[in-house]
Amino acid sequence: EGAVPEELPTQRLLVVANRLPVSAVRRGEDSWSLEISAGGLVSALLGVKEFEARWIGWAGVNVPDEVGQKALTKALAEKRCIPVFLDEEIVHQYYNGYCNNILWPLFHYLGLPQEDRLATTRSFQSQFAAYKKANQMFADVVNQHYEEGDVVWCHDYHLMFLPECLKRHNSNMKVGWFLHTPFPSSEIHRTLPSRSELLRAVLAADLVGFHTYDYARHFVSACTRILGLEGTPEGVEDDQGRLTRVAAFPIGIDSERFIRALEVPQVEEHIKELTDRFAGRKVMLGVDRLDMIKGIPQKILAFEKFLEENPYWRDRVVLLQIAVPTRTDVPEYQKLTSQVHEIVGRINGRFGTLTRVPIHHLDRSLDFHALCALYAVTDVALVTSLRDGMNLVSYEYVACQDTKKGVLILSEFAGAAQSLGAGALLVNPWNITEVASAIGKALNMSDEEREMRHQLNFLHVTEHTAQQWAETFVRLVMTNASGAVAAIQV
Ligand code: ADQ
């Protein structure tokens, strides 16, 4: 029972996520151009040879007309992608509303934005209804493409209702659900008006996965406290004795892809340019999506504190902060952008000279090669997330640092703190004095200590890859899905 066979035949896998891993641009009435975005999940699954994955998700564009929908469906099929078409109203209520305005802040312990707390409370029911409706639309597309024996892997907080929609239609379907964000303490989850419905819907899955043991534990206690169900060492048992397995599956990266990139001539050239440009100075790096959870203002304030207290370093260190704007139409995010700009401007005014500024802040995304070069040349990486499911930037940095052996300063509130904690300098990002002193420690660290710390992290990052993560999760959905249930029923 439950043994994992050595050799498995190619397993069909339906990966369902809110967004497809492609961006679609309309070129004409019936023509589209597509670009695959090589995110973590895509490269993870490309590396797993035993699965034949198809993707189901929203293409990120509104396509109201049938001609356009047909053409896009056809173009996507070549990339093994299947679209779910969502109209503007649904996107507004389900995606901007329930997902990003309610679940995202709540799961990161941020609460609702002050000024629209009441408005959100009022629109809660309609947004939740849209959320359920959207999840059912994803389920309909899965059902159309499902073949017996397929594993269906649902991703993230956008699709918490999906396992229930799928199982209601076909109770034999093998369904796994994985959450990429933290799952908060049950005391936080308890405040959600739809707390019970969401938990029950997730429990319909055969396997429920989180990045860390803590998130899994929070989920199980939410189920015991809110639903009154029994938590077992394996998961959660419902009133009829059906077990949903719950476990931690820490994600990783495709570390080889980063290591190989460092040998690409274009990257080597970038590295050389950057080394020349910052010669004589230590370089610290921040790479984040510009999001409240990433603690960017806190990071910059800690850097200011460090400069304030360490005049010696003022001309000898520079912070490069690369922040990709996301959700730019949301006022809360616009406010964050101007707040960051304002702090950076103030600090550069305070500590800059005619020729040098201490902070270089870029509001944009970098291409893969430029990103790898930056990871490779910098002396310290600063990850100060206020909460973060895992944080892959810290993994990517470590993968690119095998020559330089730079120091990783990492928030204790990122999931990655549990796996890279031994090698990184862990900090509480809310305590800028503590972060400032970690910066000092990182910049002054002896070669031996840097090497020893890097080695621990590098080993972890290269041994716990994204491919392994995907393989372990999917194999468990496949092999134990009905086994566990049968064992309970006997
Ligand atoms: P994210 O919040 O997006 O992911 P993270 O895990 O750090 O956070 O991944 C970000 C990705 O975007 C990285 O691959 C990084 O290289 C890329 N990126 C970030 N800034 C960039 C820039 N300026 N230019 C180019 N690329 C940039 C969510 C959760 C995380 C969880 C992941 C995976 O919030 O906690 O680790 O999913 O589960």
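What radius of gyration would a compact globule of 490 residues have, and what value does the protein chain have? A compact globule with 490 residues would have a radius of gyration near 23 Å, and the protein chain has 23 Å, so the two agree. The structure is a predicted model. Taken along the principal axes, the C-alpha atoms of the protein chain fill a box of roughly 70 × 50 × 45 Å.

Within this outline the protein chain holds 18 helices and 17 strands. Of its 490 residues, 46% are buried. The contacts also show how the chain is folded back on itself in sequence terms: among those between residues at least 6 apart, 77% join residues at least 24 apart.

The interior may be considered next. In soluble globular proteins, nonpolar side chains tend to be buried together. The largest nonpolar core here has 150 residues, and those with the most contacts inside it are Val16, Val152, Trp153, Phe219 and Ile409. Helix H18, residues 466-489, gives the largest share of this core, with 8 residues. Ile409 illustrates such a position: leaving aside residues up to four places away in sequence, Ile409 touches Val380, Ala381, Leu382 and Val383, together with Ala424, Leu425, Val427, Ala438, Ile439 and Ala442.

A strand offers another view of the interior. Strand S8, residues 207-210, is covered on both faces, with Leu207 and Gly209 buried on one side and Val208 and Phe210 buried on the other. Strand S7, residues 174-178, runs parallel to S8 and is joined to it by 3 bridges. In this pairing, Phe178 stands opposite Gly209. S8 also pairs in the parallel sense with strand S11, residues 243-248, over 4 bridges. There, Phe210 has Ala248 of S11 as its bridge partner.

Among the helices, H13 (residues 368-377) is mostly covered, since 7 of its 10 residues are buried. The buried residues are Leu371, Cys372, Ala373, Leu374, Tyr375, Ala376 and Val377. They pack against helix H9 (255-261), helix H10 (265-277), strand S12, strand S13 and helix H14. One of these partners, helix H10, contains Glu268. Glu268 counts as partly exposed because it has 14 C-beta neighbours inside 10 Å, whereas 20 or more would make a residue buried and 12 or fewer would make it exposed. The C-alpha atoms of Glu268 and Arg364 are separated by 22 Å, and the two residues are 96 residues apart along the chain.

Three of the elements that H13 packs against, namely S12, S13 and H14, also appear around the ligand. Strand S12 (282-290), strand S13 (317-325) and helix H14 (392-399) each supply at least two residues of the shell around the ligand. Which residues come nearest to the ligand? Of the 19 residues around it, His180, Ser365, Gly389, Met390 and Leu392 do. By class, the shell comprises 9 nonpolar, 6 polar and 4 charged residues.

The loops bring further details. Most residues other than glycine have a negative phi, and most peptide bonds are trans. Tyr109, which is not a glycine, has a positive phi near 60 degrees. Tyr109 is found in the loop between helix H3 (88-107) and helix H4 (117-145). Tyr109 is partly exposed because 14 other C-beta atoms lie within 10 Å. Arg327 likewise is not a glycine, yet its phi is positive, at about 45 degrees. Arg327 lies in the loop between S13 and helix H12 (331-351). With 17 other C-beta atoms within 10 Å, Arg327 is therefore partly exposed.

Is the loop residue Thr384 buried or exposed? Thr384 lies in the loop between strand S15 (380-383) and H14. Thr384 has 29 C-beta neighbours inside 10 Å, so it counts as buried. Not counting residues up to four places away in sequence, Thr384 touches Gly295, Gln298, Lys299, Ser411, Pro429 and Val435. By contrast, Ile102 is 282 residues away from Thr384 along the chain, and their C-alpha atoms are separated by 23 Å.

Notes. Residues numbered from 1 in each chain as written. Predicted model: local features only at pLDDT ≥ 70, side-chain atom pairs only at ≥ 80, totals over all residues. Rg over C-alpha atoms; globule rule 2.2 N^0.38 Å. Contact = placed C-beta atoms within 7 Å. Core = buried A, V, L, I, M, F, W, Y, C linked by C-beta atoms within 7 Å. Near = placed C-beta within 6 Å. Nonpolar A, V, L, I, M, F, W, Y, C, P; charged D, E, K, R; others polar. Pairing = 2+ DSSP bridges.
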